[in-house]
Amino acid sequence: MSTTGATADPLAVLGALPGVAESVESVRKAVDRVYGHRIMRRRSNEITSEAALRGARGSAALSGADWALEEVRRRTDFSGDDGARTVGAALRLTAEAGQLLSIWRQSPLRVLARLHLVAAAESDARVGRPRQDGEPVDEPLIELPLPGAAEVSGRLEGLSELIVAGGSAPALVTAAVVHGELLALRPFGSHNGLVARAAQRIVLVGSGLDPKAICAAEVGHAELGRAAYVAALDGYVSGTPDGMAAWIAHCAKAVELGARESTAVCEALQRGAA
């Protein structure tokens, strides 16, 4: 992660970039709207469950398994081809993320290791630990240069320190940085995109911005499309103020679209109850 100057709180520097405050405010308004829906008072658990399903579908789509929502809903066996395994991994991660909220602020690296174990679901010495030099990475969507193991280790430690220290940066900015760093580093041999999006979910929920996990950013990222996702990530990796702000704005739009999706679910439930 690059910042524009030395500071005790680098995330605060990003929060002050031009346009970021507007993105943060727009997200807050979108989240408030869906939380204020009358259906949320009586059926919030249903909205949370539906958002989890749709979020997992969206995350899997970004990793190359673009299944129809109803196929994800009805399928019970995810042990078949690569696409099925990707969808299964996304569903497992979405379920696991909610169990790791209390650990994240104390030990984010432990949480990332757990997320990779859950996603990979296999016995392999490389699972659940950062990759070493020479080990391959299976992440076909992200074609950026692959950082070496020493850089990965150092930047993961730096990210962990920022999270543990806390700070004044908005939750959206922190979530975007966690997401972007993990995609840029690809610290594991596989499933880095799925892990990055699950980590983003943990930040958004654990920060209190979306405590009921109903504004699935993964839905928005999928709706915006893989090409836009990769282009925005290029901006993050550039480390320039404009590039970083563009990535944060992209993540903000994804959260807004996730909130819109859950609002639509609320409206459908309300019509059914009328």
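**Close-up 1. V27 is buried, with a relative accessible area of 1%, in a predicted model.** The residue belongs to helix 2, which spans residues 20–35. Leaving aside neighbours within four places in sequence, the residues in contact with V27 are L172, L209, A252, V255 and E256. One of these partners, L209, is 182 residues away from V27 in sequence, yet the two C-alpha atoms are 9.2 Å apart in space.

**Close-up 2. W67 and F78 form a stacked aromatic pair.** A search of the whole structure finds three aromatic pairs. In the pair formed by W67 and F78, the rings are 6.2 Å apart, centre to centre, with an angle of 25° between their planes. W67 lies in the loop between helix 3 (40–62) and helix 4 (69–74), whereas F78 lies in the loop between helix 4 and helix 5 (82–97), so the pair ties together parts that are eleven residues apart in sequence. Both rings belong to buried residues: the relative accessible area is 15% for W67 and 18% for F78, and each counts as buried because the cut-off is under 20%.

**Close-up 3. Y229, Y236 and W247 form one aromatic cluster.** W247, a member of this cluster, is also named, together with W104, L112 and L115, among the residues that touch the most other members of the largest nonpolar core. The view of the cluster therefore also shows a residue of that core, W247.

**Close-up 4. The largest nonpolar core holds 81 residues, and W104, L112, L115 and W247 touch the most other members.** The largest share of this core, twelve residues, comes from helix 13, which covers residues 241–273. In soluble globular proteins, nonpolar side chains tend to be buried together. Around L112, not counting residues up to four places away in sequence, the residues touched are W104, L156, L182, F188, V195 and A199. W104, one of the residues touched by L112, is itself listed with L112 among those that touch the most other core members.

**Close-up 5. Helix 11, residues 217–224, is mostly covered.** Six of the eight residues in this helix are buried, namely A217, E218, V219, G220, H221 and A222. Just after helix 11, the backbone at G225 takes a positive phi of about 100°.

Methods
Residues are numbered from 1 along each chain as its sequence is written. This is a predicted model: local features need pLDDT of at least 70, side-chain atom pairs count only at pLDDT 80 or more; totals for chains, interfaces and linings use all residues. Side-chain values use heavy atoms; hydrogens and water are left out. Buried means under 20% relative accessible area, exposed over 50%, partly exposed in between (1.4 Å probe, protein chains only). Helices (H or I, at least four residues) and strands (E, at least two) are DSSP runs, numbered from the N terminus. Contact means heavy atoms within 4.5 Å. Rings of Phe, Tyr and Trp (its six-membered ring) pair if their centres lie within 6.5 Å; planes under 30 degrees apart count as stacked, over 60 as edge-to-face and the rest as tilted. A nonpolar core is a set of buried Ala, Val, Leu, Ile, Met, Phe, Trp, Tyr and Cys residues joined through side-chain atoms within 4.5 Å.
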